[in-house]
Amino acid sequence: MSEGSVSWRTAEQSEQSENRVKVVFIGGLGRSGTTLLERLLGQLPGVVPLGEITHLWERDLVGNEMCACGATFSHCEFWQRIGSRAFGSWEDVDVERLNALKHTVDRTRHIPALAAKKLAPAQHQLVTEYAEYFEKIYAAAAKDTRAQVVVDSSKHASLAYCLRWSPKIDLRVMHVVRDSRGVAYSWTKQVRRPESPTGDQMTRYSPAKAAMLWNAQNAAFSLLARRGVPVRRVRYERIIQRPRRVIASLARFCGLDLVESDLNYIGDGWADLGPSHSAAGNPMRFTVGRIPIFPDEAWTEDLSDGTRRMVSTLTRPLLGRYGYLSEDDAPLEDPAREEVSARD
């Protein structure tokens, strides 16, 4: 290690694992089933789901949007306790400083630097300062709920790379993948954000842009696994087909010791969801009660042939790696052997 640099291993070992908060980070491109996975995991004993913490600062702390419990952020008793425990008060959070740090370190373009085995001292200081905001949220939520595992469904790979440098986080990543053509189709749909007081729509992307983002995010999580972070890849389609078995496998990945009855909220094609305090994310976070679990395959009929071919071409290498191509279309090599999806 060069003089003055800080290695990832040194940062990781600077604090004993028993003093770290166990965080499961759900990653992948949006519209891939990440919210469904968070909701299913969040019903397990010992797990507290927090939603997309990357958006909490602007949408909730500044925008005072709605928590999944139905209360606005400023009136949600859970989040007010978390703010007090983590920062003394939400008013003590320097959002301007946080945003400046985010623009400096938490961007996809910074992933090559964040993936290095060591960082220059100045860069390491910025990354760890940024990660500390998240550390405090996770630790406060774990203590408040006495949870063994905190779930953050922020999705963005660049944030996961920042969190890997935190000595206070025991980071595990669930990398959710879905057929790129289904993802691209989903990004074209208009979806209202019910938590927004002004009736804002969720972001939309063209199929071409969605395809390029799909490539970038998924490739980044594959690299993260090769940097020593425990990463479990799971396909959206597998979650839909075998939700109970997949969740049981992922619970073991989280280090949870379950009994069979802990999974009784998942049945054949359905799941019973209780209330949560998920902050930001897909509108599904507001759903409580029994939900059907079935594949969303509208894209197979509604996506035009030309768009389908274009998205398939742009994402072909990873489509093959994840098993989405037919035998005739699959690459000659067999990179699927690198698959770390939920064993069932």
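This is a short tour of a predicted model, moving from its open sheet to a helix pair. Residues are numbered from 1 along each chain as its sequence is written, local features need pLDDT of at least 70, and side-chain atom pairs count only at pLDDT 80 or more. Totals for chains, interfaces and linings use all residues, and side-chain values use heavy atoms, without hydrogens and water.

**The sheet.** Select the open sheet of five strands, order E3-E5-E2-E6-E7, with parallel pairing. Strands are DSSP runs of E, at least two residues, and helices are runs of H or I, at least four, numbered from the N terminus; two strands pair if DSSP finds at least two bridges between them. Strand E3 (47–49) and E7 are the edge strands, each pairing on one side only.

**The E3 edge.** Add strand E5 (residues 149–155), which pairs with E3 over three bridges. Val48 has Val150 as its bridge partner there.

**The E7 edge.** Go to residues 231–235: all five are buried (under 20% relative accessible area, 1.4 Å probe, protein chains only), so strand E7 is largely enclosed by the rest of the structure. Val231, Arg233 and Arg235 point one way, Arg232 and Val234 the other. Strand E6 (residues 169–177) runs parallel to E7, joined by five bridges, and Val177 stands opposite Arg235.

**The helices.** Select helix H9 (residues 180–187) and helix H10 (residues 207–225), whose axes, lines fitted to C-alpha atoms over the stretch in contact, are 9 Å apart at about 130 degrees, on a scale from 0 to 180 degrees between N-to-C directions. Contact (heavy atoms within 4.5 Å) is made by residues including Trp187 of H9 and Trp214 of H10.

How values were computed: Buried means under 20% relative accessible area, exposed over 50%, partly exposed in between (1.4 Å probe, protein chains only).
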